[in-house]
Amino acid sequence: MNIRLSVLAGVFVLAGCAVQPDTLTEDVLLSDGWKIQSCAAVTYCGEQLSGADADLDGWYDASVPSTVLGALTTAGLFDGALEGTEYYSAIDRDLFKDGWWFVKRFDAPSLEDGQRAVLNFEGISYRAEVWFNGKKIAGSDEIAGPFKQFSIDVTDDIMEKNCLAVKVLRAEPGEFNIGFVDWNPRAADESMGIFRPVWIRYCNKVSLSESFVSSSFENDDFSTAYLKVRATL
């Protein structure tokens with residue numbers, strides 16, 4: 001079989017020419033140690049919540065990935081809600097109408113010379129406002145849609161001690177949210193939350209992501225294949 005490989009060679013040449021540190025700092029997965037609370041019960045703004053001094057006493061413990069309802073159920077708020085038809089009466093859906101804050105405080109290793117730090121969200125439902133170390137780094141007009149992935153460069157903001165505050169809002173009628181089979185009850189919180197992993201990724205000045213290989217065939221006998229490699233630089 002003859003194979004012709006068409007590659008975006010410039011991408012790989014540029015990546016190879018970048019000055020590389022000897023070692024790459026290890027990524028930081030932000031999974032445990034989150035705190036959540038309803039926006040209706042919080043007097044702090046995003047700038048304060050993403051600082052070091054906000055009082056989180058009385059907030060609920062959570063881990064990520066999780067929906068708000070999932071975290072509250074784990075905390076023991078809705079015992080028996082899944083028995084019989086209790087789900088429809090045991091949970092007040094208005095509890096989720098004002099949005100919820102997810103707050104995470106964490107340590108991070110120092111950047112090596114020439115490295116960058118990128119905050120990654122694999123999945124948020126439905127939209128979110130993101131604050132990091134006292135600074136708003138993304139608005140709910142930018143972070144929206146549960147099936148999208150988001151990357152935010154935080155190189156200039158990351159420190160040894162950090163605080164991430166994410167205000168999550170549920171989907172509104174008509175928005176393309178997560179669906180369920182029709183014999184299950186509709187999620188009381190509309191599946192609002194950070195339901196896929198969050199982490200800080202360290203990279204060099206040039207990095208590759210979203211690599212993809214597509215193929216096509218010239219002849220019906222598949223004797224020749226054309227492969228195209230694509231990646232985001």
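**Reading a predicted fold: loops, sheets and cores**

User: I see that E190 lies in the loop between β11 and β12 (193-194). What is the sign of phi at E190, a residue other than glycine?

Analyst: The model before us is a predicted one, and in it the phi of E190 is positive, near 60°. A neighbouring question is whether such a loop residue faces outward, and for that one compares its relative accessibility with the 20% cut-off below which a residue is called buried. E190 has 16% relative accessibility and therefore counts as buried.

User: Which residue in the loop between β8 and β9 can be read in the same manner?

Analyst: That residue is N133, which is placed in this loop and has a positive phi near 50°, although it is not a glycine. The loop belongs to a hairpin with 2 residues between its strands. On either side of it, strand β8 (residues 127-132) and β9 pair in the antiparallel sense over 5 bridges, and W131 has K136 of β9 as its bridge partner.

User: Before going further, how far should I trust the coordinates, and over which residues does pLDDT stay under 50?

Analyst: The general idea is that where pLDDT is low, the predicted coordinates should not be read in detail. In this structure the protein chain averages a pLDDT of 88, and 90% of the residues score at least 70. The stretch to treat with caution is residues 1-19, where pLDDT stays under 50, even though the model has 28 contacts there beyond four places in sequence.

User: How many helices and strands does the protein chain have, and in what order do the strands of the open sheet of 6 stand?

Analyst: The protein chain has 4 helices and 15 strands. To read a sheet, one follows the order of its strands and then looks at its edges. Here, 6 strands form an open sheet with the order β4-β3-β6-β11-β8-β9 and antiparallel pairing. At the edges stand β4 (60-62) and β9 (135-144), each with a single partner strand, so one side of each is left without a neighbour in the sheet. Neighbouring strands of this sheet are turned against each other by 25° on average, direction ignored. Within the sheet, strand β6 (residues 100-107) and strand β11 (residues 161-169) run antiparallel and are joined by 8 bridges, with F106 opposite N162 of β11.

User: What are the edge strands of the open sheet of 4 strands?

Analyst: This sheet has the order β2-β13-β7-β10, again with antiparallel pairing. Its edge strands are β2 (28-29) and β10 (150-153), each of which pairs on one side only. The pairing of β2 with strand β13 (residues 198-203) is antiparallel and rests on 2 bridges, and V28 stands opposite I200 in β13.

User: Which residues touch the most other members of the largest nonpolar core?

Analyst: In soluble globular proteins, nonpolar side chains tend to be buried together. In this chain of 233 residues, buried residues make up 41%. The largest nonpolar core has 43 residues, and the members that touch the most others are L119, F121, L164 and I200. Helix α3 (residues 68-74) gives the most to this core, with 4 residues. A second, separate core of 11 residues includes C39, L49, W59 and W101. To return to I200, its contacts beyond four places in sequence are with D27, V28, L30, F106, A117, V118, L119, V154 and I158. For the protein chain, 77% of the contacts with a separation of 6 or more join residues 24 or more positions apart.

User: Where are the cis peptide bonds that involve P65 and Y126?

Analyst: For a cis bond, one looks at omega and then at the surrounding element. The bond from V64 to P65 is cis, with omega near 15°, and P65 is placed in the loop between β4 and β5 (66-67). The bond joining S125 and Y126 is also cis, with omega about 0°, and Y126 lies in the loop between β7 (116-121) and β8.

User: Finally, how many disulfides are counted, and is C203 buried or exposed?

Analyst: A disulfide is counted where two cysteine sulfur atoms lie within 2.5 Å, and by this rule the count is 0. C203 counts as buried because its relative accessibility is 7%, whereas C45, at 36%, counts as partly exposed.

Definitions and conventions:
Residues are numbered from 1 along each chain as its sequence is written. This is a predicted model: local features need pLDDT of at least 70, side-chain atom pairs count only at pLDDT 80 or more; totals for chains, interfaces and linings use all residues. Side-chain values use heavy atoms; hydrogens and water are left out. Buried means under 20% relative accessible area, exposed over 50%, partly exposed in between (1.4 Å probe, protein chains only). pLDDT is the predictor's confidence in each residue, from 0 to 100. Contact means heavy atoms within 4.5 Å. A nonpolar core is a set of buried Ala, Val, Leu, Ile, Met, Phe, Trp, Tyr and Cys residues joined through side-chain atoms within 4.5 Å. Two strands pair if DSSP finds at least two bridges between them. Axes are lines fitted to C-alpha atoms, for helices over the stretch in contact, and angles run from 0 to 180 degrees between N-to-C directions.
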